[in-house]
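Subject: Structure for you to look at, with notes

Dear colleague,

I am passing on the structure we talked about, and below it you will find my notes on what was found. Please keep the model open while you read, so that you can look up each place as it comes.

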Amino acid sequence: MACVVQVSLAAVLLLPMAPAMHSDCIFKKEQSMCLEKIQRANELMGFNDSSPGCPGMWDNITCWKPAHVGEMVLVSCPELFRIFNPDRDMGVVSRNCTEDGWSEPFPHYFDACGFDEYESETGDQNYYYLSVKALYTVGYSTSLVTLTTAMVILCRFRKLHCTRNFIHMNLFVSFMLRAISVFIKDWILYAEQDSNHCFISTVECKAIMVFFHYCVVSNYFWLFIEGLYLFTLLVETFFPERRYFYWYTIIGWGTPTVCVTVWATLRLYFDDTGCWDMNDSTALWWVIKGPVVGSIMVNFVLFIGIIVILVQKLQSPDMGGNESSIYLRLARSTLLLIPLFGIHYTVFAFSPENVSKRERLVFELGLGSFQGFVVAVLYCFLNGEVQAEIKRKWRSWKVNRYFAVDFKHRHPSLASSGVNGGTQLSILSKSSSQIRMSGLPADNLAT
């Protein structure tokens with residue numbers, strides 16, 4: 001069960017290349033190969049169910065070929081133990097074929113292969129992976145709810161419709177798609193608490209992985225667009241935002257389409273194995289990883305450039321304030337830009353695959369899953385324009401409600417006639433304007 005969690009987490013993580021196969025899948029593959037070897041050996045040796053000797057078997061750890069009575073069979077420790085215990089010298093395990101069947105393995109797997117160490121480490125890893133999965137599930141769920149609410153607010157109020165908020169909305173959508181794709185992938189590929197996913201190779205599961213990678217790459221590119229737009233806004237005094245937004249849209253959604261399409265085509269022709277959730281070919285993986293790392297690095301350069309521009313602006317005499325207030329504003333601006341630009345991804349962008357793997361999982365999966373929540377809070381709910389517009393709408397609603405209730409009490413006959421408050425207010429406003437208009441000539445004549 002926990003190994004299934006491990007596969008799921010490795011598939012979620014984009015920057016490091018997911019390993020070719022995990023422990024549960026390795027055992028399944030070894031078992032399948034073992035059964036084929038036993039069948040071939042039985043055919044060569046003429047073994048059947050009534051033949052004397054020891055039949056070949058898979059003991060859930062390694063494979064034992066058929067043997068005659070009195071024969072001793074030696075096997076090396078499974079390769080999987082070498083992966084988990086690279087510093088340990090692996091030995092060999094033997095079994096004797098007796099008239100009563102196979103003897104117990106000697107020396108035991110615990111002594112020869114460090115099986116107890118493997119089990120202990122696997123148990124710790126299982127608990128760790130389950131904890132990380134629970135963390136990123138909560139994170140993506142929170143982000144999805146918060147981003148959906150932010151999208152409704154930005155779409156609902158027309159005064160908030162501008163190029164800056166349109167870019168924010170596209171970023172929100174990319175975060176939402178990323179969260180949805182993670183949930184779909186976990187649900188479809190890893191819903192079963194067994195190792196059936198190791199041999200899934202359907203068009204549906206491959207399409208899910210293509211959709212998942214597209215959503216993740218699109219999210220990185222819209223983070224890049226946010227950085228590019230803000231940098232352009234600070235550098236250029238006048239620029240056609242609408243025309244730029246057209247190119248931003250092409251880059252944000254079009255470039256990931258090209259990258260993922262090329263990756264899927266190459267994967268189909270050169271590495272069409274499994275459900276495409278594992279990566280045997282590093283070269284093919286860089287078709288996706290390369291553009292992502294490139295966007296992260298460019299965004300980091302833009303981030304440094306923006307910080308330099310902010311420092312220059314804050315230190316100008318026109319800004320005013322003492323030195324402490326200047327650094328406070330700079331620190332606040334920097335903290336606001338980090339989640340918007342995805343600067344935290346640069347921490348592990350070029351680190352080796354096997355270095356700080358646990359820390360990388362927590363950082364990019366656990367903390368990264370809350371990035372959508374942080375961005376929605378900072379750039380929607382705490383945005384001054386958004387708060388002012390919500391307050392204005394709230395005051396307008398309260399005023400309309402007050403006059404509707406007041407009119408109902410003052411004119412119960414109209415209220416009971418089935419005319420609603422909004423209609424009543426419009427009738428009142430129209431009648432009052434007509435009275436004023438009709439009264440103008442009389443006043444003029446009186447004068």
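Is tryptophan 263 buried or exposed? Before answering, I should say that this is a predicted model, and that what follows should be read with that in mind. Tryptophan 263 is buried, because its relative accessible area is 1%, and buried here means under 20%. Its partner, tryptophan 276, has a relative accessible area of 6% and is therefore buried as well.

**Aromatic rings**

A search through the whole structure gives 9 aromatic pairs. In one of them, tryptophan 263 and tryptophan 276 meet edge-to-face, with 5.8 Å from centre to centre and 80 degrees between the planes. This pair links distant parts of the chain, since tryptophan 263 belongs to helix α8 (residues 241–270), while tryptophan 276 sits in the loop between α8 and α9 (282–314), 13 residues apart. If the two numbers given for the pair seem unfamiliar, a pair of aromatic rings is described by the distance of the centres and the angle of the planes.

Elsewhere, ring pairs join Tyr136, Tyr140 and Phe183 into a cluster. A ring can also have a charged side chain above it, and here lysine 185 lies over the face of phenylalanine 212, 5.2 Å from the ring centre.

**The chain as a whole**

The protein chain contains 15 helices and 5 strands, and 41% of its 447 residues count as buried. If you take the contacts in the chain with a separation of 6 or more, 70% of them are between residues 24 or more positions apart. The chain exposes about 24300 Å², and carbon and sulfur atoms supply 62% of that area.

**The annotated regions**

The unreviewed UniProt entry carries the annotation "transmembrane region" for several stretches, among them residues 286–310 and 362–382. In the model, the span 286–310 is 100% helix and 0% strand, and its end C-alpha atoms lie 35 Å apart. The span 362–382 is 81% helix and 0% strand, with its end C-alpha atoms 27 Å apart.

Where does serine 369 have its place? Serine 369 is in the loop between α11 (357–367) and α12 (371–381), and it counts as buried because its relative accessibility is 1%. When its neighbours within four places in sequence are left aside, serine 369 is in contact with Leu135, Tyr136, Gly139, Tyr140, Ser143 and Glu364. You will recognise Tyr136 and Tyr140 from the cluster that ring pairs form with Phe183.

**The sheet**

Three of the strands make up an open sheet, which has the order β3-β4-β5 and antiparallel pairing. Its edge strands are β3 (72–76) and β5 (101–102), each of which pairs on one side only. Between β3 and β4 there are 5 bridges, in the antiparallel sense, and serine 76 stands opposite valine 92 in β4. Strand β4 (residues 92–98) is joined to β5 by 2 bridges, again running antiparallel, and there threonine 98 stands opposite glycine 101 in β5. The connection from β4 to β5 is a hairpin through 2 residues.

**Backbone details to check**

As background for the next two places, most residues other than glycine have a negative phi, and most peptide bonds are trans. Phenylalanine 106 and proline 107 are joined by a cis peptide bond, with omega about -15 degrees, and proline 107 lies in the loop between β5 and α4 (109–112). Asparagine 60 has a phi near 75 degrees, a positive value in a residue other than glycine. This asparagine 60 is placed in the loop between β1 (57–58) and β2 (63–64), and it is exposed, with a relative accessible area of 60%.

**One last residue**

Which residues does methionine 45 touch, not counting those up to four places away in sequence? They are Pro66 and His68, and the C-alpha atoms of methionine 45 and histidine 68 are 9.7 Å apart in space, although the two are 23 residues apart in sequence. Methionine 45 is found in helix α2 (residues 23–45), and at 33% relative accessibility it counts as partly exposed.

With best wishes

Technical notes
Residues numbered from 1 in each chain as written. Heavy atoms only, no water. Phe/Tyr/Trp six-rings, centres within 6.5 Å; stacked < 30°, edge-to-face > 60°. Helix = DSSP H or I, 4+ residues; strand = E, 2+ residues; numbered from the N terminus. Buried < 20%, exposed > 50% of the residue type's maximum accessible area, 1.4 Å probe, protein only. Lys NZ or Arg CZ within 6 Å of the ring centre and 35° of its normal. Contact = heavy atoms within 4.5 Å. Areas by Shrake-Rupley, 256 points an atom, 1.4 Å probe, with all protein chains shown as cover. UniProt positions renumbered as here; feature names shortened; annotations may be inferred. Pairing = 2+ DSSP bridges.
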